[in-house]
Amino acid sequence: MVIRFLLSLIICWNFCASAQTIQRNYGIEISPKIGFLIPHRATMGHLLQGHSKGFEISGVIQTDGRKQWHHDYLFPKGGISLYYSDWGNKEVLGTGFGVHGFITLPFIKKKGWSFASRLGAGIGYSTKVFDQTDNPKNNALGTKLNSLVFIGAEIEKQFKQSSIALGMDMTHFSNGAVKVPNLGVNIAYVSLAYTYYFKELDQKSIASVPRFESENPSKWRIYSELVVSTKQIYPTGGRNYGIIGISNFAQYKVKPKCVIEGGVDAVYNQSIIEEKQGDFTTIDNFQLGAYAAYVLPIHKLQLILGMGGYVVNPVNPNGSVYHRFGSRFKIGKNLYANITIKSHWAKADYFEYGIIYRWK
């Protein structure tokens, strides 16, 4: 998938950058954007009718160096955005609205110039969805409420109390197969953003990066996770099937921005024998897999990009290889909330909603 490929590049590029300091600041950003729908399946070609025009209004926070991760990631900025776009086909796709959190992770920052990735996730709303009678051509979205995920890059120039940025991003709407159809909407955008800060910006460079005491100096960590989910399968209008899974995995911290993860997944997915009808029993809904992943830790957030293979997979409805990408957020001393998407190459399978306990 395009989003997975871009995320891989961003993870690799952020692996090797150096630091500069900026005073924490707050601002307002306005970003008009124009783009087009990417029909990532042949059956979606009819949805591309014109350019997609939209804008975002964001509240911005510029980090100040109080935490070690500010230095590790070259003093990123983050915030909350309100999103609107017409998607270029109002008759079938309608318009999209959303609210999402975001963070920019600079690869390079020097003399007010920066080149950075921009990542975000939140909730999106579509005014039109598939309907067998009234809107049968919309094979992209089956629900009005969807997850909103975007990934992109920007070049920014900061001035005394403002900045201008030229950006490119991919915005994705999907419900994670909670209801079909769910091919999803992918929009590629070019944007021009203007940010006004409430205080003057500090662009002073520093010779050394301060190190803070780690909350857990051990390079190894061990976790257990309980996952629940639900999904539909074709044809449309069917029931929802339950999914439950248990994962056990270990992480090894190579560098502050590089964590390697490996684990085992045990999953019971009610939809498997329904999707691949035959002489099967309920025990054939069970899958056992092993995976490896790269984790990008950002303060209390972990971004994960992984790939695995099934060891036990008797029905094999989607192949022997699976992928996982998404995020985890620390909610307690040893507890994390998890929202990731499991997919098989370009086909999304379902969202994984989980709670994680750290043993070590």
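User: What makes the contacts of this predicted model long-range in sequence?

Analyst: Among contacts in the protein chain between residues at least 6 apart in sequence, 63% join residues at least 24 apart. A contact here needs heavy atoms within 4.5 Å. The model is predicted, and the chain has three helices and 16 strands.

User: How do you know which share of the 360 residues is buried?

Analyst: A residue counts as buried when its relative accessible area is under 20%. Of the 360 residues of the protein chain, 51% count as buried. The accessible surface comes to about 16,900 Å², and 65% of that belongs to carbon and sulfur atoms.

User: Why is the set with Leu47 and Trp87 called a nonpolar core?

Analyst: Such a core joins buried residues of the nonpolar kinds listed for it through side-chain atoms within 4.5 Å. The largest set of this kind has 21 residues, and Leu47, Trp87, Ala140, Leu141, Phe173 and Val185 have the most contacts inside it. Leu, Trp, Ala, Phe and Val are on that list, so these six residues qualify by type.

User: Which strands supply at least two residues each of this core?

Analyst: Strand 6 (145-158) and strand 8 (185-197) do. Strand 8 gives the largest share, four residues.

User: What is Trp87 in contact with, leaving aside its neighbours within four places in sequence?

Analyst: The partners of Trp87 include Leu141, Phe173 and Val185, which are also listed among the core residues with the most contacts. Ser52, Leu93, Gly94, Gly96, Ser126, Ile187 and Tyr189 are in contact with Trp87 as well. Another core, of 12 residues, lies apart from the largest one and has Trp69, Ile103, Cys258 and Leu303 among its members.

User: What makes the space of about 140 Å³ a cavity, and the space of about 1,200 Å³ a pocket?

Analyst: In a cavity a 1.4 Å probe fits but cannot get out, whereas a pocket is open. The largest cavity holds about 140 Å³ of space, and the structure has four cavities of 30 Å³ or more. The largest pocket holds about 1,200 Å³.

User: Which residues line the largest cavity closest to its centre?

Analyst: Of its 15 lining residues, those are Ser31, Arg118, Glu154, Asp169 and Ser191. Strand 1 (25-37), strand 6, strand 7 (162-174) and strand 8 each give two or more residues to the lining. By class the lining has five nonpolar, four polar and six charged residues.

User: How do the 47 lining residues of the largest pocket divide by class, and which lie nearest its centre?

Analyst: The lining has 27 nonpolar, 15 polar and five charged residues. Gly120, Ala121, Leu301, Leu303 and Ser327 lie nearest the centre of the pocket. Ala and Leu count as nonpolar and Gly as polar, so Ala121, Leu301 and Leu303 belong to the nonpolar class and Gly120 to the polar class.

Key
Residues numbered from 1 in each chain as written. Predicted model: local features only at pLDDT ≥ 70, side-chain atom pairs only at ≥ 80, totals over all residues. Heavy atoms only, no water. Buried < 20%, exposed > 50% of the residue type's maximum accessible area, 1.4 Å probe, protein only. 1 Å grid on protein atoms, 1.4 Å probe; cavity = no way out; pocket = protein on both sides within 12 Å on 5 of 7 lines; lining within 4 Å. Points joined across faces, edges and corners; volume = space filled by probe spheres on them. Areas by Shrake-Rupley, 256 points an atom, 1.4 Å probe, with all protein chains shown as cover.
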